[in-house]
Amino acid sequence: MTNMVQFSEEQTRADLARLLTKAVEASGCTRCDIARGAQVHKEALRRILTGRRSATLGEASRILQASGVRSQQALTMFLLTDADQSADWQGTEIGRFLEDFLTAMPAALACELGSRLQEVRPRWAKGTAHRVARLLSDHIDELERKDVLLGDVFLEVEEAHHG
């Protein structure tokens, strides 16, 4: 059991180091600037980025922030997916969407389900995720159709106005 725990700790440290390294490299700032902004000694930052030292939650958050990354978004994605997915979605619209979505979800569930909240089963999570994704896809398709229709209407109005 200890070997699995140790492996898990080493793997998590390496994954977090990869996430933080990608953020630091993408920032365009020097490591000294990141260390200063994160209030972490530059040698400690080096060891964190190489995976030789575990970062505390506060240190990881400050390193991400000093790198110009939304730390809550990156760390949430890191915990729920992996370092690569988190790094790929840093600073993107989908990353921001997921941050806002996951922040709003507990209150939305409590509001919509009320006393039935305790009836929710973990086995429904994957199917619900796919259903929400399909709903979002349908919503985007609908918005695109409306944009096309509105674009055609504006084009006709503009042509009539100039013609």
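Is Gln39 buried or exposed? Gln39 is exposed, with a relative accessible area of 66%; here buried means under 20%, exposed means over 50%, and partly exposed is what falls in between (1.4 Å probe, protein chains only). What you're looking at is a predicted model, where local features need pLDDT of at least 70, side-chain atom pairs count only at pLDDT 80 or more, and totals for chains, interfaces and linings use all residues. Residues are numbered from 1 along each chain as its sequence is written, and side-chain values use heavy atoms, with hydrogens and water left out.

**The overall layout**

- The chain has eight helices and zero strands, with helices (H or I, at least four residues) and strands (E, at least two) taken as DSSP runs and numbered from the N terminus.
- Read from the N terminus, the order of elements is α-α-α-α-α-α-α-α.
- Out of 163 residues in the chain, 23% count as buried.

**The nonpolar core**

- The largest nonpolar core has 23 residues, and the members touching the most others are Leu16, Leu20, Val40, Leu45, Ile63 and Leu64.
- At least two residues of this core come from each of helix H1 (2–27), H2, H3, H4, helix H5 (71–80) and helix H6 (83–89).
- H1 gives the largest share of this core, at five residues.
- A nonpolar core, by the way, is a set of buried Ala, Val, Leu, Ile, Met, Phe, Trp, Tyr and Cys residues joined through side-chain atoms within 4.5 Å.
- Over in helix H4 (residues 57–66), the buried residues are Glu59, Ala60, Ser61, Ile63 and Leu64.

**Backbone spots to look at**

- Gln39 sits in the loop between helix H2 (31–38) and helix H3 (42–50).
- The phi of Gln39 is near 55 degrees, a positive value in a residue other than glycine.
- For background, most residues other than glycine have a negative phi.
- Gly68, found just after H4, also has a positive phi, of about 85 degrees.

**Salt bridges**

- There are nine salt bridges in the structure, each being a side-chain nitrogen of Lys or Arg within 4 Å of a carboxyl oxygen of Asp or Glu.
- The general idea is simple: side chains of opposite charge can pair when their charged atoms come close.
- In helix H1, Asp15 and Arg18 are three residues apart, about one turn of the helix, and they form a salt bridge whose closest N and O atoms are 3.2 Å apart.
- Asp15 is buried at 17% relative accessible area, while Arg18 counts as partly exposed at 32%.
- That pair belongs to a network of salt bridges linking Asp15, Arg18, Lys22 and Asp84.
- Helix H7 has a salt bridge between Arg96 and Asp100, which lie four residues apart, about one turn of the helix; the closest N and O atoms are 3.3 Å apart.
- Arg96 is partly exposed, at 38% relative accessible area, and Asp100 is partly exposed too, at 39%.
- In helix H8, the side chains of Arg145 and Glu142 meet in a salt bridge at 2.7 Å, N to O.
- Arg145 and Glu142 are about one helical turn apart because they are three residues apart in helix H8.
- Arg145 is partly exposed with a relative accessible area of 47%, and Glu142 counts as partly exposed at 32%.

**Surface patches**

- Patches are built from residues with over 30% relative accessible area and no salt bridge, joining like charges within 9 Å and nonpolar side chains (Val, Leu, Ile, Met, Phe, Trp, Tyr) within 5 Å.
- Accessible areas come from the Shrake-Rupley method with a 1.4 Å probe, and for residues only the protein chains shown count as cover.
- Leu109, Leu117, Val120 and Trp124 make a nonpolar surface patch of about 330 Å².
- Trp124 lies in the loop between helix H7 (93–113) and H8, and is partly exposed at 41% relative accessible area.
- Asp138, Asp141, Glu144 and Asp147 form a negative surface patch; Asp and Glu count as negative, Lys and Arg as positive, and His and the chain ends are not counted.
- The place of a charge is taken as NZ of Lys, CZ of Arg, CG of Asp or CD of Glu.
- Asp141 is in helix H8 (residues 125–162) and is partly exposed, with a relative accessible area of 33%.

**Apart in sequence, and in space**

- Gln72 and Glu99 are 27 residues apart in sequence and 7.5 Å apart in space, C-alpha to C-alpha.
- Gln72 lies in helix H5 and counts as partly exposed at 48% relative accessibility.
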